[in-house]
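Q: Please take a close look at one part of this structure, the pairing of charged side chains, and explain step by step how the pairs are placed. Please then set that picture beside the surroundings of a few other residues and beside one interface.

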Amino acid sequence: MGKGLLAIAFGLTFLSWAPFLYGEKQKTKPAAGKEGPDKDWRIRIISSSHQDIAWMNSPEACIAYRDTHCITPALEIMARDPGYCFVMENMLNLMEYIERHPDRREDIHRFTREGRLEWGATFNQPYESLLSGEQLIRGAYFGRKWLKRNFPGCDARIYFNPDVPGRALQMQQILSKAGIPYMVISRYHKGFYRWLSPDGSSVVAYSPGHYTNASAILGAPPSEGAGLLNAELTSWEGYYRDHRIPFEFPLLHSVDFSRPTDFGPLIDLWNGGRTSKGPGRGSTLNYSSAARFFEALTEAGPNLDRITGERPNLWLYIHGPTHHWAVSAQREAGRLLPAAEIFNSIAYLLEKNPERYPSRKMEDAWRAAIYPDHGWGGKEGQITDRLFRKKLEFARGQGREMLDQALSRIAGRIDKPSLKGFPIVVFNSLSWRRSDPVAVTIPWSQRRCQVRDSRGKIVPSQVHPPLPGQEEERMARLQFIAQDVPGLGYKTYYLTKDGAATSHPAPPARAAGFYENTFYQVEFAPGGLRRIYDKELKADLLDTGKFLGFEIFTLRSIGNGAGEFGRVQQPTVDHFDSLSRHKTSWEHDPLGSGPLQAVFRLRKKLENGTIEQKIIISNKIKRIDCEVAILDWDGAPYREFRIALPVNAPGGRVAYEVPMGIVEVGRDEIPGTGGPAYGNLNYDELCSEIRPREVQNFLSAWGTDFGLTLSTSVAVNDYRDPAPDPVPHPILQPVLLASRRSCHGEGNWYLQEGDHHYRFSLTSHDPGWINGYRLGIQANCPLFPVAGAPTGDDADLPEEKSFFEVSAAGALISTVKKCEDDDSIIVRVYEIEGKDAELVLTPFFPLGKAELVSMIEEEAKAIPCRSDGLTMRLGHHAIETLKLWPRRDVPKGHTPGGEK
């Protein structure tokens, strides 16, 4: 993020803090009063340079800087000094350099193969829990896998993400199963760790406290630096002994945009005194790659402290709230691209033509979907932020386009008898059966048609008048509930002309401000909902003593998003405002209401913009939606918008979705604090207390009587009362918008003037997140209708079908895709409920061979399969990648995988 360089500039370089200062993680105090270390240390200078994509300047200027001041000079030093090593922290840096210097490819290849030029094993250094699970995994595809494919004989086995004070729950499993066993982090207690995911897979991690800490030693004159190094080694001796760590010490030289440096004078001084009373005594100092250090560290089997859990990100205000449009595009791309992969894979298998799989477009879209790193804003930040948004919107657009094309191809292969009516094929990209609303555009002349399923049963539906801007075309919006659509499959419906109009008046409210259906009684109040009563569970869901349900409120939000602070910069109630203060009334919307739903609207002009809000109460499924628009926002600085859902569960528990997992607040975070980093910077808050949190699709809150799940369209969400005298019950709070400023001294404001749109969905259920997570995910992952697709001559598919069936309740398929290296099919599945399971996977094609492969589709191990599928153990919290060969595609020399 560029903080390290600023720290140097402001004179904050210092001798690394001793391990005994680092809280509960450290067990040994350093020896005192000693002139030098007792042991013969092998000290390894790991020369590196911390690089955001930009932040120090515009992306273009930083790419040029990396070329002329980092990589090219490193190549020159390596050419003249066979012992010199240099590390660039991510693979994007190599991609950029090769594009500028194809003539240096041979040098890059040679030094990388020798292990002297090293590249981080992921594409970039992201905010881990902001990305979807598949987006995180693609970081390894465009990291380690890309290097091995483009530079044969080379490898990358270390994940560098030293700047971000946050770790995703499942990141270690993703790394481990991608063949990346090591991790360099910082802004965490100084030490070496066995960092685990909840399934038990792990990586070995090193934290120097802060990645710039060694600059005090390496930036000093050699004689002074030798003395500082002696003191540093002495401070570590007890820690090393207690953890049975071999006396290998990493001296990480990494400052923001630091250049390759010749440390020859320090090395000569140190090594020249190793046999006398000089500074080195019996120790040696040399250049090393990070990989060689980690291999030496782990070879002796040290007893490292073990860590499991999520480390909530302290810098989350830099993305979702301050870059709403861009992050919304990234989140949508994270859902659309796997859906596009799934249905394009199915389409090419049906057509028996792998050439029709859009491999290049898919690669470009995925790369764009993970392009932004942690360096939003900064100097010339408006250029960086514009580029990031452009990449993410491109990824979203490509995902939508590839998905639409695949769905049309599949729909054309479905046998849809024309006598049944106008066909609407509804596709489901999730791996379970589901019932959800679907909307399609139809000519106004067809508004009196009915919707029927393939068996002729009438399906509840309603027609909305012409959409704004479509009055001349006389197009209307048909909405219906698609029921029990098969997982990873489709179901066909028909629009018929044999019935009465399907648009009916909404059932009237019993009284002003009140609505009731089969599921809920809802009471409205000015500015929000006074009450939601679940008729099935016989429970009042809300406690509205302080906030109303779905009430919009604003706070003072002074801060940066990222920076040199030890706790999240929380908003305050200065200039607090809320819609309930304005006594804003709700109005029933007769045009939007009908047999499927009742719609109520609210509009209020505030000082800096206008709030429009819509409550949609579904009559056929147990769900209440809330749509919010902040219109004509003028970008007033240091303001924050939130929406409140106060859950009537005093002392209730809260859980939320993270990439390929669930975190329950207070239980699934890493223990303790982040600890000291440098100077006065101390991450002193318990990780279990850090808030807000990065959320994928939903949050759940529950007490003894009921559970409530909220699907959220935003990345950052809170769950505690932010006002003075906090209430004891959870208040779920999506953070809609925050107008903060980059922490760079010349950085840009994140004002986001204009219109912003959001959507949230509520459902209630028995206590526990496990009873609501599927509904929480599917509300954010719409069904995909294809209307009027003609039936092709080769139509041979039934009117309803699942292409991939999974048996285990907690087993979710994250993607189905064409293999990167051949024409087999990759299926990735993960277990979300925390229970060991027997997975039965049934594909729609005869199976010839099945293999278990790494996260990046390598290291294949044959597993037993049958022609109609396979059965395997899926461990709790596990993420597994399967490689399936359709029977006709089994390569010569292969045999079916233990067919029974």
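**A charged pair and its surroundings**

A: Asp821 is partly exposed, with a relative accessible area of 46%. This value, like every other one in this answer, belongs to a predicted model. The side chain of Asp821 meets that of Lys145 in a salt bridge, with 3.0 Å from N to O. The two partners come from distant parts of the chain, 676 residues apart: Asp821 sits in the loop between strand 44 (811–818) and strand 45 (825–831), while Lys145 belongs to helix 5 (residues 133–150). Lys145 has a relative accessible area of 5% and is therefore buried, since the limit for that word is under 20%. The pair thus joins a partly exposed residue, Asp821, to a buried one, Lys145.

Why can such a pair form? Side chains of opposite charge can pair when their charged atoms come close.

Asp821 and Lys145 also belong to a network of salt bridges, whose other members are Arg144, Lys148, Arg149, Asp155 and Glu858. In the whole structure, a search finds 65 salt bridges. Two further pairs may be examined in the manner used above.

One of these pairs is formed by the side chains of Arg66 and Glu96, which meet at 3.2 Å, N to O. Arg66 lies in helix 2 (residues 59–80) and Glu96 in helix 3 (residues 91–100), so that the salt bridge links parts of the chain that are 30 residues apart. Arg66 counts as buried because its relative accessibility is 2%. Glu96 is buried as well, at a relative accessible area of 9%.

Helix 3 also holds Asn93. This residue is buried, with a relative accessible area of 4%. When neighbours within four places in sequence are left aside, Asn93 is in contact with Gln51, Arg66, Ile71, Met88 and Trp119. Arg66 thus appears twice in this region, as the salt-bridge partner of Glu96 and as a contact of Asn93.

The other pair is Glu669 with Arg693, whose side chains meet in a salt bridge of 3.1 Å, N to O. Glu669 is found in the loop between strand 30 (661–664) and strand 31 (675–678), and Arg693 in strand 33 (residues 693–694), 24 residues away along the chain. Glu669 has a relative accessible area of 7% and is buried. Arg693, at 1% relative accessibility, counts as buried too.

Buried residues can also be followed through polar contacts. Gln597 is located in strand 25 (residues 597–605), and a relative accessibility of 9% places it among the buried residues. The side chain of Gln597 makes a polar contact with the side chain of Gln479 at 3.2 Å. Beyond residues up to four places away in sequence, Gln597 touches Gln462, His464, Gln479, Gly592, Ile616, Ile617, Ser618 and Asn619. For Asn619, the separation from Gln597 is 22 residues in sequence and 5.2 Å in space, C-alpha to C-alpha.

Tyr493 lies in strand 17 (residues 489–496) and is buried at a relative accessible area of 1%. Its side chain reaches the backbone nitrogen of Gln483 at 2.9 Å. Among the residues that Tyr493 touches, apart from those up to four places away in sequence, are Phe422, Val451, Arg452, Asp453, Phe480 and Gln483.

The wider setting may now be considered. The protein chain is divided into domain 1 (39–308), domain 2 (422–500) and domain 3 (803–900). Six residues from domain 2 and six residues from domain 3 make up the contact between these two domains. Together, domain 2 and domain 3 bury about 490 Å² between them, with 65% of that area on carbon and sulfur atoms. Ser431, Trp432 and Leu488 supply 77% of the area that domain 2 buries against domain 3, more than any other three residues.

What does the charged pairing look like across this interface? Zero salt bridges are found between domain 2 and domain 3. On the side of domain 2 that touches domain 3, the residues divide into three nonpolar, three polar and no charged. Two residue pairs are nevertheless in polar contact between domain 2 and domain 3.

Key. Residues numbered from 1 in each chain as written. Predicted model: local features only at pLDDT ≥ 70, side-chain atom pairs only at ≥ 80, totals over all residues. Heavy atoms only, no water. Domains from an automatic or database assignment. Contact = heavy atoms within 4.5 Å. Buried area = accessible area lost by both parts, 1.4 Å probe. Salt bridge = Lys/Arg side-chain N within 4 Å of Asp/Glu carboxyl O. Polar contact = N/O pair within 3.5 Å; in protein donor to acceptor, adjacent residues only side chain to side chain. Nonpolar A, V, L, I, M, F, W, Y, C, P; charged D, E, K, R; others polar. Helix = DSSP H or I, 4+ residues; strand = E, 2+ residues; numbered from the N terminus. Buried < 20%, exposed > 50% of the residue type's maximum accessible area, 1.4 Å probe, protein only.
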